[in-house]
Amino acid sequence: MAAGYWIALFDVKDPQGYQEYAKIAGPLIGKFGGALRTRGNKVEAKEGKKPAGNMVVVEFPRYQTALECYNSPEYQKAVPLRVNAAASGGSLTIVEGV
């Protein structure tokens with residue numbers, strides 16, 4: 001079974017609001033077996049534009065689990081907190097590993 005990954009690119013404009021999101025999302029991601037693989041600003045673009053702000057990668061044991069976590073009612077309650085804490089133009093993509 002292939003792992004699943006959340007890849008998020010965003011620039012935090014409201015650190016306190018983002019902390020509120022993290023209080024909900026962190027334990028929930030763990031509940032679904034997810035593990036934070038990177039979270040930070042240190043990114044060096046080799047081709048194309050450098051992503052603005054933070055790049056976060058979360059690994060889940062299975063692609064389906066990554067989808068289930070995102071689609072869960074608990075996480076959907078946290079989504080507006082993340083969106084409101086981030087500048088416009090961010091993204092969150094779920095991708096299947098190899």
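**Notebook: helix α2 and the rest of the chain**

I started with helix α2, residues 63–71, and found Thr-65, Ala-66 and Cys-69 buried there. Looking down the axis of α2, I see its buried residues fall within an arc of 105°, so they line one face of the helix. Note to self: this is a predicted model.

Next I looked up what sits over that face. The cover on the buried residues of α2 includes two helices I can name, α1 (15–31) and α3 (73–85). Strands are in the list as well: β1 (4–10), β3 (54–60) and β4 (91–96).

**Overall layout**

I then stepped back to the whole protein chain. I get three helices and four strands, and reading along the sequence gives β-α-β-β-α-α-β. How compact is the chain for its length? Its radius of gyration is 13 Å, close to the 13 Å from the globule rule for 98 residues, so I put it down as being as compact as a globular protein of that length. I boxed the C-alpha atoms along the principal axes and got roughly 30 × 30 × 15 Å.

For contacts, I took those in the protein chain with a separation of 6 or more; residues 24 or more positions apart account for 76% of them.

**Surface and charge**

Of the 98 residues, I count 31% as buried. The protein chain exposes about 6,300 Å², and I have carbon and sulfur atoms supplying 53% of that area. I also checked the charges: there are 12 positive and 9 negative ones, and their mean positions lie 3 Å apart.

**Two residues I checked individually**

Gln-19 first. I find Gln-19 in helix α1. Is Gln-19 buried, partly exposed or exposed? Its relative accessibility is 46%, so I file Gln-19 as partly exposed. I also checked its distance to Leu-81: the two are 62 residues apart in sequence and 9.1 Å apart in space, C-alpha to C-alpha.

Then Asn-54. This one belongs to strand β3, one of the elements that I listed as covering the buried residues of α2. Is Asn-54 buried or exposed? I get a relative accessible area of 14% for Asn-54, and the cut-off for buried is under 20%, so Asn-54 is buried. I paired Asn-54 with Leu-28 for a distance check: they are 26 residues apart along the chain, and their C-alpha atoms are separated by 20 Å.

Definitions and conventions. Residues numbered from 1 in each chain as written. Predicted model: local features only at pLDDT ≥ 70, side-chain atom pairs only at ≥ 80, totals over all residues. Heavy atoms only, no water. Buried < 20%, exposed > 50% of the residue type's maximum accessible area, 1.4 Å probe, protein only. Arc of directions from axis to C-beta. Contact = heavy atoms within 4.5 Å. Rg over C-alpha atoms; globule rule 2.2 N^0.38 Å. Areas by Shrake-Rupley, 256 points an atom, 1.4 Å probe, with all protein chains shown as cover. Lys, Arg positive; Asp, Glu negative; His and termini not counted. Charge placed at Lys NZ, Arg CZ, Asp CG, Glu CD.
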